[in-house]
Amino acid sequence: MLKAVILIGGPQKGTRFRPLSFEVPKPLFPVAGVPMLQHHIEACAKVPNMKEILLIGFYQPNEELTRFLVNAQQEFKISIRYLQEYAALGTGGGIYHFRDQIVSGSPEAFFVLNADVSSAFPLTEMLSFQKEHGEPNSFVILGTTANRTQSLNYGCIVENEETNEVLHYVEKPSTFVSDIINCGIYLFNPDIFQHIGTVFQKNQQDMLLEEPTNGWHRAEAIRLEQDIFTALAGQGKLYVYKTLSFWSQIKSAGSAIYASRLYLNQYHKTHPERLAVNKEGGPKISGNVYIHPTANIDPTATLGPNVSIGTGVTIGAGVRVRESVILHGANLQDHCCVLNSIVGWDSTIGKWARVEGTPSDPNPNDPYAKIDSETLFRDGKLTPSITILGCNVTIPSEVIILNSIVLPHKDLNRGFKNQIIL
Ligand SMILES: Nc1nc2c(ncn2[C@@H]2O[C@H](COP(=O)(O)OP(=O)(O)O[C@H]3O[C@H](CO)[C@@H](O)[C@H](O)[C@@H]3O)[C@@H](O)[C@H]2O)c(=O)[nH]1
């Protein structure tokens, strides 16, 4: 039998996701109409013989997370549990801490998935690859090709082209190492804990030599990438399965819009029922659009491509929405226009207002380009990016909001351009 672990991290991270992560933990942010994590869970639940999915992170369990877990268990008919780390233990430390839970029931293998990636999740392909290519007890990393410059932002893998064995692994190198990058999706077996255990023991020894301040030892994080993969490379234990299917990181709000586009596109195959269609008395749909059944949309509105409309959203006459995510309860009044933006929960956009951002999409002429997880500022200036309205923001009628980030609960009285409105 098999298991899967999803690394969901915790609240300190995800700063590039503000102000959206104030309201909902980043892994639950909706991407193509469903919580980011649901795409992972769906993919895991489809793998034959999958018995349990464990979410590991350091979020305080809250109502939102509990509700999500209960609903997902019912929908996918599989055990899904959240295991909370007492501190950020790192990508390797978290799974090591909960190793007894992972190996209980004796799974022969388990997947580990980073929560902040969008992917076609070729999990069954990874299993077959492991059986055909690897040594019996080897581990598999999912890899994809990036361009030379962008590869430096990821874990980089040098492989033996004949056997696909990982010969070198360097996490976020400062100069070019390889254009094969780590997708943050792995297939392990319980042997991995011996390797993490060796690092854990060494860290403990080192800590004993340190003077404890105030009687406490800090939790020593173990990173799968730097501490484990780098050491396993070249030992005949670690293999890379390269995928040609879609894959992208979700670090910033801009990349959430891009990831939505990738999943909406995949819905043609996996969930055609989630894609809106043009019909009598309905709005004009252009390209891939997700509309929650509880949304109320005027038939003269035009939506798409790449638009997701959440629960209870109201969209007035003549409204235009493109490349955007409209979160639950938002109200888009008549003739407003929303492009390349995320409109927060319960926000209102006045009549004839224009809310617009600048997309940070990958270069369409480079097949290996990835979306840049842009920094908020460059040369002391806010980089033009998608516009984000936090929850409960009110935009007056007939103004323009361009490339701006508006923090929650703001009632604006005029237009803004290239600003963070605190
Ligand atoms: N449970 C838990 N999860 C964690 C922790 N630290 C990070 N995570 C989760 O682990 C994933 C990786 O997060 P980062 O540590 O921020 O790494 P990264 O910059 O995203 O890079 C990783 O992913 C890339 C692919 O997206 C890889 O290319 C790279 O090599 C690396 O694995 C995220 O889903 C994050 O929530 C931790 O202490 N505990």
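## Exercises on a predicted model

In this predicted model, Pro305 is placed in the loop that runs between strand S17 (302–303) and strand S18 (307–309).

**Exercise 1.** Describe the backbone of the loop between S17 and S18, beginning at Pro305.

*Solution.* Step 1: examine the peptide bond that leads from Gly304 to Pro305; omega is near 0°, and the bond is cis. Step 2: turn to Asn306, which lies in the loop between S17 and S18 as well. The phi of Asn306 is near 55°, a positive value in a residue other than glycine. Step 3: set these findings against the general pattern. Most peptide bonds are trans, and most residues other than glycine have a negative phi.

**Exercise 2.** Determine how helix H3 (residues 90–97) packs with helix H7 (residues 192–209).

*Solution.* Step 1: choose the descriptors. Two packed helices are described by the angle between their axes and the distance between the axes. Step 2: read both values; the angle is about 110° and the axes are 10 Å apart. Step 3: classify the angle. Angles of 65 to 115 degrees count as roughly perpendicular, so H3 is roughly perpendicular to H7. Step 4: identify the residues in contact. H3 contributes Gly92, Ile95 and Tyr96, while H7 contributes Phe193, Ile196, Gly197 and Phe200. Step 5: sort them by class; the contact has five nonpolar, two polar and no charged residues.

**Exercise 3.** Characterise the surroundings of the ligand and its polar partners among the side chains.

*Solution.* Step 1: survey the shell. There are 28 residues around the ligand, and Glu85, Gly90, Asn182, Glu225 and Lys251 come nearest. By class, the shell holds 13 nonpolar, eight polar and seven charged residues. Step 2: list polar side-chain atoms paired with an oxygen atom of the ligand. For Lys251, the N or O atom of the side chain is 2.6 Å from a ligand oxygen; for Tyr169, the distance is 3.0 Å; for Tyr186, it is 3.4 Å. Step 3: assess burial. The ligand taken alone exposes 730 Å², of which the protein buries 90%. Step 4: locate the shell in the fold. Elements giving two or more residues to it include H3, strand S10 (166–171) and strand S11 (180–188).

Terms used: Residues numbered from 1 in each chain as written. Predicted model: local features only at pLDDT ≥ 70, side-chain atom pairs only at ≥ 80, totals over all residues. Heavy atoms only, no water. Axes fitted to C-alpha atoms, helices over the stretch in contact; angles between N-to-C directions. Helix = DSSP H or I, 4+ residues; strand = E, 2+ residues; numbered from the N terminus. Parallel < 35°, antiparallel > 145°, perpendicular 65-115°, else oblique. Contact = heavy atoms within 4.5 Å. Nonpolar A, V, L, I, M, F, W, Y, C, P; charged D, E, K, R; others polar. Near = heavy atom within 4 Å. Polar contact = N/O pair within 3.5 Å; in protein donor to acceptor, adjacent residues only side chain to side chain. Areas by Shrake-Rupley, 256 points an atom, 1.4 Å probe, with all protein chains shown as cover.
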